[in-house]
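Me: I would like to go through this model by question and answer, beginning with single residues and ending with the whole chain. Please state the terms as they come up.

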Amino acid sequence: MTAHHPKPTDVANVPVAVIGMALRLPGASTPEELWRNVAEGRESVRTFTREQLVAAGIPSSDADHPDYVPVHGVIDGIEEFDADLFGFSPREAQLTDPQQRKFLEVAYEALEASGYMEQRGDNRIGVFAGTGSNTYLLRNVLPHRDIVADVGETASLIAAEKDHVATRTSHRLDLHGPAMTVQTSCSTSLVAVHMAVQTLLAGDADIVIAGGASIHVPQQTGHLFSPNGVASRDGKCRAFDVNASGTVFGSGVAAVVLRRLEDALDAGDTVYGVIRGSAINNDGARKVGYTAPSVPGQAAVIRAAHAAAGVSADSVSYIETHGTGTEVGDVIEVEALKEAFSPSDRAPASCVLGTLKPNIGHVDITAGVSGLIKAVLALWHKQLPPSINVTSTNPELKLEQSPFCINRSLRPWPQGGGPRRAGVSSFGLGGTNAHVVLEEAPPSPRRRESAPRPRLLPLSARTTGAVEAMAARLESWSDAHPDANLADVAYTLQERRRSYQSRMAVVAAERSDLREQLAHSLPRAAVRRPTIGFMFSGYGDQSPGMATGLYAHYAVFRDAFDECAELLRPFLGVDVRTLVCAIPSDFVAAQRALDLPSTAQPVLFSVEYALARLLMSWGLQPKAVFGHSLGEYVAACVAGALSLPDALRLVVTRATLLDGVGTGAMTAVLADESTVLTELGEHLSLAAVNAVGSVVVSGPVEPMEAFESRMAARGVKHRRLSIHVAGHSSMLDPILDSFRTVALGIDHQPLRIPMISAMTGERVEKDARLDAEYWTRHLRETVRFAQAAGHAVALRNPVLLEIGPGHALTHLVRQAAGTRAVTAVPTLPGRGDDVDPLQAVLQAVGDAWCAGAEPDWRALRLDSDPRNAALPGYPFEKQRHWLDAPRGAAVPHSEAPPLESSSVAAGVEERAEAGSVQLEGSLSEEALRERAEHDVSRIWIALLGLTEVEPDHNFFALGGNSLLLVRLIARLREDLGVSIPLRVAASAPTVRAVAALVVRAQKERHA
């Protein structure tokens, strides 16, 4: 859907939807966990022992100080990161500020939750974010001078500087909207939200991520209490309490995904809450000092937000305050609220004040967006959250003279006379204030109840382990959400999640099916650019109702089959739809009709033709087609060699003539062609060579019985087929002239898709024509399917779909492939298979996708109003990527060590000279190459942070980038004394290729 871009004249009061959220906060790694903690009144900060503090690097003088408060809000796993997923080398991940790394994770999860991790259409996604001070750089990175020198100053700065959090997120997630780093101290993330809203309203982006990250290294820390400071005396933030003495601090990362409400509703996004308006300002000099808060500034920003939202203060019934628990700060904030809400005739205690800081600590940069998420969740759950650590309200607040109150227990949020509304405040050190007005999401329109039917659920991740973890998460989520709409789950997985190489696909109609399918499915690795081939089944596996579901649900199949049925009606005198498009009332009679060639072959053609058209409409376009006996007529029609009326005319003629041939027999024999030919005698024919050691013999019944006796005597396995016409045998000779006459009247067109002929066993290229003589010979001669299958499996990364009932061709192709990698997939159940036809087709599409095909999921969709489901996020496969602070080393504060080690430059000439001496020796060509590969590998290991590399490893695939490539060239010059142009090195990105360049450059230098 094309995004709506508002004009400058219509941006006032345009609502913005919150469509996704993600976070890492003390005690919570998901919004659901945060809400559970808040609703239960849980305090999630941690208290550390002296031993823990000292082990983390806190000086013992601080840890032993009587006023040291060892309390901090911690988020787990800051040392870990899924570097491969985000394209980082191990070294780059080690150097990168953990705030940036965690923001990348949270941005990914938020986008995934919103349904826009997979970029489709022309959505421009922007990023507004900020981070706190990079304490990891000072304490952990800069002491490692050798590593910093290896990667170079520019790469080190990009990894460390807060300037890059937004742009790096856009780069790593491939987002094309505006990207801007925001810094306004502890109001940063709510200011980022405001700027994101303004960007959406201006039409500069369609979707925006807004948030922040603040991680203090080490997290096992605390603060020194000072009577005049802002930190708590007892390690508890007691906002609005009479005993409030300050705040506690914590680490946190959080982000929201925003979109214009109109666009979100049109797209079926989940709307958790609505931003009606927002505002920012600065106190200026209207306060006693730079760090002091200001009543006029705070009141003004709240009024401005109400004006931007087009709402009155009286309609707001909850305020998520800045609420730091400081004596001065809380009083000033409440005074500002009173001023912003006056004049008001609201009843006392009609607007609840709350703050997240007592639960998780003051998470600095992330505080504003964290409070926003809490308020959005309160609106979503329609509950007013409790404030903790309040035993007696501070009388200095004078709440009894205001409409405000403190809520101490979770309770329902009354509806009132309009939609529930909340305000969220965040005030930054230095005076930048932000306020956002929220409103509950509009009620979802009623949806038509969809009957249970099979749904295709594709799962994918970078690795097998991640897909298995994803399947386990989905199973748990399904158990926890028994009312989940399976159609929404399928839609979300198909169209709203990114596809990776490792894949799994299951088909389920109900939750019980889903659990069973997930338990028995295994991941597969998709190939790049697979070649899709259609192989069309022959006669023998047809059954009544074999198109059930397909005809009912998919218009493309229905239209194609209807066209065939109407063309066949004059010839057959029966509506074939009654046989296969639903389960007939008289199943036995229908099966009897389908056993007659005159009916069965036209019906099989119609089913296969309609199914091929359906699969092609789903984006599965064949690059080659072939078929077995009757199936080749469908292949030729789909490939353009025969029009549909002409193809059906030939098939009806063929079937009618076969009906008049008389009773014959066909026997499958597990023996090779040469063995069988010696036993055929005068009356039997070799009808088909299906595979090595698998043939079909055809002819009159009595000679066939004698042949079977001879095979039994020799111990050769064989099986009589349930076909009573001796196809491809001498019994057909009397009908060939009649068939040829009809075939001569057909308009034979050039092939538009290459076809592999099962008559000749050879490939027929595009633009070739199959004439009347070809089809006449095709009726009589041996089916060379084994040879045709050999050509099919030799296609580039073949994904072969068996179009028609049963899986005989699938088995034959897999047999022909031997050890070669090939995907062969049946699409319809055969006679006797207890499988729903729609389920079988969807599973075939899922299997093709697992192999690397990319279906058009929108074309596959049946539901008219699907919605994004809040499914579990990507299971990051994290590893420890961390530079430990040197034991006993002092943490640099004022003066950082140089980013470039002078010893590197000083030793260049010495190393180059050493290389010259070695080269002038009598080293062989192989020795030169081995030494160069060793030297290049050593440099790569240092730059990328790896333990080893192989000669054919690709620099960029290992996480290298253009900056590291520049450093690689510099290191080659410094260590080996050779100069290689950047463009040349970029075109030869393996160890082996770079080593070859080194050897060549050394030879040229000494020539």
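Me: Does F240 count as buried or exposed, and at what relative accessibility?

Reply: This is a predicted model, in which local features need pLDDT of at least 70, side-chain atom pairs count only at pLDDT 80 or more, and totals for chains, interfaces and linings use all residues. Residues are numbered from 1 along each chain as its sequence is written, and side-chain values use heavy atoms, with hydrogens and water left out. F240 lies in the loop between β9 and β10, where helices (H or I, at least four residues) and strands (E, at least two) are DSSP runs numbered from the N terminus. With buried meaning under 20% relative accessible area, exposed over 50% and partly exposed in between (1.4 Å probe, protein chains only), F240 counts as buried, at 1%.

Me: Which value does phi of F240 take?

Reply: F240 is a residue other than glycine, yet its phi is positive. The value is near 70 degrees.

Me: How does D364 count in accessibility, and at what percentage?

Reply: D364 is placed in the loop between α15 and α16, and its phi, near 55 degrees, is again a positive value in a residue other than glycine. D364 counts as partly exposed, at 28% relative accessibility.

Me: Which residues does S729 touch, leaving out those up to four places away in sequence?

Reply: S729 belongs to the loop between β27 (718-720) and α29 (736-744), and it is buried, with a relative accessible area of 0%. Taking contact as heavy atoms within 4.5 Å, the residues that S729 touches are S685, S698, G699 and R780.

Me: Which peptide bonds are cis at P218 and P343, and what is omega in each?

Reply: P218 lies in the loop between β8 and β9 (223-224), whereas P343 is found in the loop between α14 (327-341) and β13. The cis bond at P218 joins V217 to it, with omega about 0 degrees. The one at P343 joins S342 to it, with omega about -5 degrees.

Me: What covers the buried residues of α1?

Reply: In helix α1 (residues 31-39) the buried residues are P31, L34, W35, N37, V38 and A39. Just after this helix, G41 takes a positive phi of about 65 degrees. The cover over the buried residues of α1 includes β1, α15 (357-360), α16 and β14 (383-384).

Me: What is the strand order of the open sheet of eleven strands?

Reply: Two strands pair if DSSP finds at least two bridges between them, and the pairing in this sheet is mixed. The order is β7-β6-β8-β10-β1-β11-β18-β17-β12-β13-β15. Each edge strand pairs on one side only, and these edges are β7 (179-181) and β15 (404-406).

Me: At about what angle does helix α16 run to β10?

Reply: Axes are lines fitted to C-alpha atoms, for helices over the stretch in contact, and angles run from 0 to 180 degrees between N-to-C directions. Helix α16 (residues 367-381) lies across several strands, among them β1, β8, β12 (318-320) and β13 (351-354). To β10 it runs at about 60 degrees.

Me: What percentage of the residues of the protein count as buried?

Reply: The secondary structure comes to 40 helices and 32 strands, and the C-alpha atoms fill a box of roughly 110 × 90 × 55 Å along the principal axes. Of the 1007 residues, the share that count as buried is 58%.
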